[in-house]
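Reader: Hello! I am new to this structure and would love a close look at a single part, the empty space inside. Could you walk me through it and what surrounds it?

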Amino acid sequence: MNIDALEWIGAAVSVAAVWLAARRHMLGWPVGLASVALYALVFVDARLYSDALLQVAFAGFIVYGWRRWKANLDDDGLVRVAALAPGAALRDLGLGALGALLLGFCMHRYTDAALPWLDAALTAFSLVAQWWQGRRHVAAWWLWIVLDLIYVGLYLFKSLEVTAALYLGFVGLAVMGLRQWRRAAQAAPLPAA
């Protein structure tokens with residue numbers, strides 16, 4: 001299968017995964033596993049190695065989130081949203097910044113990565129967003145909106161137009177997720193995660 005076809009298939013599967021997550025549906029996790037496997041191959045081909053590594057890390061976070069969500073379902077079968085403490089948010093963002101610097105240095109120094117620093121920063125903060133999503137925090141959607149907007153520009157620059165369009169769609173899905181998760185948070189008190 002050529003890389004263009006793989007990118008299209010990966011995009012379709014990724015849209016389904018994010019749409020399901022935005023709706024707080026458990027099926028988003030196994031669909032997400034399929035999407036990260038497909039996109040790991042696309043990113044290796046584009047020499048976006050941090051993004052390829054991100055897909056591997058996402059697979060681990062997906063398994064974690066899947067188990068965590070399964071233990072925190074409402075009576076309607078949808079996951080309960082949880083509060084994010086300000087201290088935890090600052091800690092996680094600080095770890096994201098540190099991860100961005102370390103990964104950026106490694107990618108700049110030891111690989112032929114196309115955009116080592118930007119790719120590393122997006123990778124590190126995407127891990128923070130995925131962590132927050134697995135822990136059921138509304139803030140994950142705010143972070144995804146910012147990251148996805150930056151990703152659109154990155155993928156246009158790398159001539160990955162399908163993936164850029166996908167990430168533009170992710171912005172819309174993240175807005176939808178933000179609205180739905182905020183609505184769910186207002187409907188019930190938020191327990192700590």
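Author: Happy to! Let us start at the lining of the largest cavity, where H2 gives the most, with seven residues. Helices here are DSSP runs of H or I with at least four residues, strands are runs of E with at least two, and both are numbered from the N terminus. Before going further, please keep in mind that this is a predicted model, in which local features need pLDDT of at least 70, side-chain atom pairs count only at pLDDT 80 or more, and totals for chains, interfaces and linings use all residues. Residues are numbered from 1 along each chain as its sequence is written, and side-chain values use heavy atoms, with hydrogens and water left out.

How is such a space found? Rolling a probe the size of a water molecule over the atoms shows where empty space is left. On a 1 Å grid over the protein atoms alone, a cavity is a set of points where a 1.4 Å probe fits but cannot get out; a pocket is an open set with protein on both sides within 12 Å along at least five of seven lines; and lining residues have an atom within 4 Å of a point. Grid points are joined across faces, edges and corners, and a volume is the space filled by probe spheres set on the points.

By that approach, the structure holds one cavity of 30 Å³ or more, and the largest cavity contains about 440 Å³ of space. It is lined by 28 residues, of which Val18, Phe58, Gln130, Trp144 and Phe170 are the closest to its centre. Besides H2 (28-45), at least two lining residues each come from H1 (3-22), H3 (49-70), H5 (116-134), H6 (139-157) and H7 (161-187).

What kinds of residue face this space? The lining of the largest cavity has 18 nonpolar, eight polar and two charged residues. In this count Ala, Val, Leu, Ile, Met, Phe, Trp, Tyr, Cys and Pro are nonpolar, Asp, Glu, Lys and Arg are charged, and the others, Gly among them, are polar. Domain 1 (1-79) and domain 2 (83-192) each provide at least three residues of that lining; the domain bounds come from an automatic or database domain assignment.

Now let us turn to the packing. The largest nonpolar core has 53 residues, and those touching the most other members are Trp69, Trp141, Trp144, Leu147, Tyr151, Tyr155 and Tyr167. A nonpolar core is a set of buried Ala, Val, Leu, Ile, Met, Phe, Trp, Tyr and Cys residues joined through side-chain atoms within 4.5 Å, where buried means under 20% relative accessible area, exposed means over 50%, and partly exposed lies in between (1.4 Å probe, protein chains only). H1, H2, H3, H4 (86-110), H5, H6 and H7 each supply at least two residues of this core, with H7 giving the largest share, twelve residues. At least three of the core residues come from each of domain 1 (1-79) and domain 2 (83-192).

There is a pocket to visit as well. The largest pocket has a volume of about 220 Å³, and of its 14 lining residues, Phe61, Thr123, Ala124, Leu127 and Val128 are the closest to its centre. H3, H4 and H5 each supply at least two residues of this pocket's lining, which has ten nonpolar, three polar and one charged residues. Because domain 1 (1-79) and domain 2 (83-192) both give residues to the lining, the largest pocket lies between them.

Back to H2, then. Ala34 lies in this helix and counts as partly exposed, at 36% relative accessibility. The C-alpha atoms of Ala34 and Ala59 are 9.0 Å apart, with their positions 25 residues apart along the chain. Asp45, also in helix H2, is exposed, with a relative accessible area of 52%.

Arg47 follows in the loop between H2 and H3. It has a positive phi of about 60° although it is not a glycine, and Arg47 is partly exposed at 36% relative accessible area.

Finally, a record adds some context. For "transmembrane region", an unreviewed UniProt entry lists residues 6-22, 27-46, 81-102, 139-157 and 163-181; its positions are in the numbering used here, feature names are shortened, and annotations may be inferred rather than shown by experiment. In the model, residues 6-22 are 100% helix and 0% strand, with the end C-alpha atoms 24 Å apart. Residues 139-157 are also 100% helix and 0% strand, and their end C-alpha atoms are 28 Å apart.
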